[in-house]
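You asked for a quick read of this one before you dig in yourself. Here are my notes, in the order I would look at things.

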Amino acid sequence: MSKVLLFNIADDKGVKIKNLCRKLYIESQDVEKEQFGYQLGYLLGESDDSTVTDGEDFDEEMLYLVDIDSGMLNIFLSQLRRKKVPVALKAVKTETNMQFSAYELYREISAEREALARGTQAHQG
């Protein structure tokens, strides 16, 4: 099932995103700071690994988009823009990032954003 995990999304903005998800038949789930150390796969119920990793806390808003096909993803993102509900950090579920904690995902997509702003690559190789 399609799902959106919400990290650090304030009340009013969170309500708007959840309403949009409901309208598009996408499940939504708030992730509390106490859960940021768990693997994303565990938070989604797709892994039994309940290992908690430490990480540097972050307050920036982030969305994790799970099993949303490309057409619905385009609709979701365009509706966020149309409704003026900006969230700078977004990631789509991959086999690799399912094993990340929220801390690790935040580091990765923050590095990618900074690299794009500099016109370089986040990962060399």
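What follows is a set of numbered points, going from the whole chain down to single residues.

1. First things first: this is a predicted model. The chain holds 4 helices and 4 strands. Read from the N terminus, its elements run β-α-β-α-β-α-β-α, so to speak a steady back-and-forth between the two kinds.

2. On overall shape, the C-alpha trace spans about 40 × 35 × 25 Å along its principal axes. For a compact globule of 125 residues you would expect a radius of gyration near 14 Å, and the chain has 14 Å, so the two agree. Buried residues make up 42% of the 125 residues. Take the contacts with a separation of 6 or more: 72% of them are between residues 24 or more positions apart.

3. Helix α3 is a good place to start on the details. It covers residues 70–82, and at 1.5 Å a residue those 13 residues should span 18 Å; the end C-alpha atoms are 18 Å apart, which agrees. Which residues of α3 are buried? They are Leu73, Phe76, Gln79 and Leu80. These four cover an arc of only 130 degrees around the axis, which means that they sit on the same side of α3. As a reminder, an α-helix has 3.6 residues a turn, so residues three or four places apart point the same way.

4. Now turn α3 around. On the other side, Ser70, Asn74, Arg81 and Arg82 are exposed. The buried residues of α3, for their part, pack against β1 (3–7), α1 (11–23), β3 (62–66) and β4 (89–92).

5. Both ends of α3 deserve a glance. At the N-terminal end, Asp69 acts as a cap, with a side-chain oxygen 3.1 Å from the backbone nitrogen of Gly71. After the helix comes Lys84, which has a positive phi, near 55 degrees.

6. Helix α4 can be read in a similar spirit. Its 17 residues should span 24 Å at 1.5 Å a residue, and its end C-alpha atoms are 24 Å apart, which agrees. Buried in α4 are Ala102, Tyr103, Leu105, Tyr106, Ile109, Ser110 and Ala115. Among the elements that cover these buried residues are β1, α2, β3 and β4. Just after α4, Gly119 has a positive phi of about 80 degrees.

7. On to charges. Side chains of opposite charge can pair when their charged atoms come close. How many salt bridges does a search of the whole structure find? The search gives 9. One of these joins Lys3 and Glu27, at 3.4 Å from N to O. That pair links distant parts of the chain, since Lys3 belongs to strand β1 and Glu27 to strand β2 (residues 27–31), 24 residues apart. Is Lys3 buried or exposed? Lys3 is buried, because its relative accessible area of 11% is under the 20% cut-off. Glu27, at 35% relative accessibility, counts as partly exposed.

8. A local pair makes a useful contrast. Asp12 forms a salt bridge with Lys16, and their closest N and O atoms are 3.6 Å apart. Both residues lie in helix α1, 4 residues apart, or about one turn of the helix. Lys16 is partly exposed, with a relative accessible area of 39%.

9. Loops take part as well. The side chains of Lys93 and Glu46 meet in a salt bridge of 3.2 Å, N to O. Lys93 is in the loop between β4 and α4 (102–118), while Glu46 is in the loop between α2 (40–43) and β3, so that the pair links distant parts of the chain, 47 residues apart. Glu46 counts as partly exposed at 44% relative accessibility. There is also a network of salt bridges linking Lys33, Asp57 and Asp59.

10. Last, have a look at Ser101, which is found in the loop between β4 and α4. At 2% relative accessibility, Ser101 counts as buried. Its side chain makes a polar contact of 3.4 Å with the side chain of Thr53. Apart from neighbours within four places in sequence, Ser101 is in contact with Phe36, Gly37, Tyr38, Gln39 and Thr53.

Definitions and conventions:
Residues are numbered from 1 along each chain as its sequence is written. This is a predicted model: local features need pLDDT of at least 70, side-chain atom pairs count only at pLDDT 80 or more; totals for chains, interfaces and linings use all residues. Side-chain values use heavy atoms; hydrogens and water are left out. The expected span of a helix is 1.5 Å times one less than its number of residues. Buried means under 20% relative accessible area, exposed over 50%, partly exposed in between (1.4 Å probe, protein chains only). The arc is that of the directions from the helix axis to the C-beta atoms. Contact means heavy atoms within 4.5 Å. A polar contact is a pair of N or O atoms within 3.5 Å; within protein, one must be able to donate a hydrogen and the other to accept it, and residues adjacent in sequence count only if both atoms are side-chain atoms. A salt bridge is a side-chain nitrogen of Lys or Arg within 4 Å of a carboxyl oxygen of Asp or Glu. The radius of gyration is taken over C-alpha atoms; the globule rule is 2.2 Å times the number of residues to the power 0.38.
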